[in-house]
Amino acid sequence: MAIIPGLYAIMGLVVLLRYQKSLPDEYSYTETINLNWLKWLVFTILVLFLVLFLFIHFGTQLHLISGNTLFGYVGALLSLYVFLIGYFGLRQSTILMLAITKMTAENVTKDAPYKKSGIDQSAVEHIYLRLLSHMETQKPFLRDDLSLAQLANQLSINSNQLSQVINQKSGSNFFVFVNAYRVEEVKTKLLNPSFSNFSILGIAHDCGFRSKSAFNRIFKEQVGVGPRDYQRKNSTKSSPIV
């Protein structure tokens, strides 16, 4: 009974790491997704494991409490903890269901990616053309909270199918695909005199970026230089936009 929480903590940590790794496939932003509650869950399970282990070990060794009473306390403590996990877990149902769905899909298609997605190559081409048109005309990437599920809903298709299309046709995940559009929008506005009164960070926010650190990192990864250096090298104005 004492070992079970320790094993559960290890399993929880594995799930957490796998889910963190999958975030770029589902969201166009990752820096503001708060998984601290999951980290605290794993931490408290480890603490529970140590408390129960010490309680059982010293309780029996020192004969401070009888066996039946000891395991009665342990059972009551575990029951209370499971109840608390259930209570707070239900309040996080969306993110948990997303993680479970994602991992189930990975297990089903692990040996044959996209084999059971339900769309053939011609359908992939058709959806991709619709996606490109939608991105250019509607510019959904300007929303800083855009997710794979939201974009799939806008196109009236399944999110797994959209993920397949993006991965196959663009050669990248959802995060990279969406932020490439945001970077291009920023590049255009940095050189547009109409936005001369905007700061670089203001333009970034206007183009869908949530934070300065994420914007600078993504921009440099895709362009090769920072936004200010890009502006100075490419602007036709005598002085850079501030």
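These questions and answers go through a predicted model, from its confidence to its cores and two of its helices.

Trainee: What is the mean pLDDT of the chain?
Mentor: Start with the share of residues that reach 70 or more: 74%. The mean pLDDT of the chain is 79.

Trainee: Over which residues does pLDDT stay under 50?
Mentor: One such stretch has 19 contacts in the model beyond four places in sequence. Another, residues 237-242, is also below 50 and has 11 contacts beyond near neighbours in sequence. Where pLDDT is low, the predicted coordinates should not be read in detail. The stretch with 19 contacts is residues 93-113.

Trainee: Which element gives the most to the largest nonpolar core?
Mentor: That core has 20 residues. L131, M135, L151, L162, I166, F174 and F177 have the most contacts inside it. Elements giving two or more residues are α5 (121-137), α6 (148-155), α7 (159-170) and α8 (174-190). With five residues, the one that gives the most is α5.

Trainee: Which residues is F177 in contact with, leaving aside neighbours within four places in sequence?
Mentor: F177 is among the residues with the most contacts inside the largest core. Its partners include I166, S170 and S172. The others on the list are Y128, L131, L132 and M135.

Trainee: How many residues does the second, separate core have?
Mentor: Among its members are V183, V186, A204 and F209. In soluble globular proteins, nonpolar side chains tend to be buried together. The second core has 14 residues.

Trainee: Which elements do the buried residues of α7 pack against?
Mentor: First, the buried set: Q161, L162, S163, Q164, V165 and I166. L162 and I166 are also among the residues with the most contacts inside the largest core. The buried residues of α7 pack against α5, α6 and α8.

Trainee: What does α7 reach from its first C-alpha to its last?
Mentor: α7 has 12 residues. At 1.5 Å a residue, 16 Å is expected. The model comes close to that, at 16 Å.

Trainee: Which residue takes a positive phi just after α7?
Mentor: At the start of α7, a side-chain oxygen of N158 comes within 2.7 Å of the backbone nitrogen of N160. Just after the helix, phi turns positive, at about 75°. The residue is G171.

Trainee: How many of the residues of α8 are buried?
Mentor: α8 has 17 residues and reaches 24 Å, close to the 24 Å expected. At its start, a side-chain oxygen of N173 lies within 3.2 Å of the backbone nitrogen of F175. The helix is mostly covered, and its buried residues number 13 of 17.

Key: Residues are numbered from 1 along each chain as its sequence is written. This is a predicted model: local features need pLDDT of at least 70, side-chain atom pairs count only at pLDDT 80 or more; totals for chains, interfaces and linings use all residues. Side-chain values use heavy atoms; hydrogens and water are left out. pLDDT is the predictor's confidence in each residue, from 0 to 100. Contact means heavy atoms within 4.5 Å. A nonpolar core is a set of buried Ala, Val, Leu, Ile, Met, Phe, Trp, Tyr and Cys residues joined through side-chain atoms within 4.5 Å. Buried means under 20% relative accessible area, exposed over 50%, partly exposed in between (1.4 Å probe, protein chains only). Helices (H or I, at least four residues) and strands (E, at least two) are DSSP runs, numbered from the N terminus. The expected span of a helix is 1.5 Å times one less than its number of residues. A polar contact is a pair of N or O atoms within 3.5 Å; within protein, one must be able to donate a hydrogen and the other to accept it, and residues adjacent in sequence count only if both atoms are side-chain atoms.
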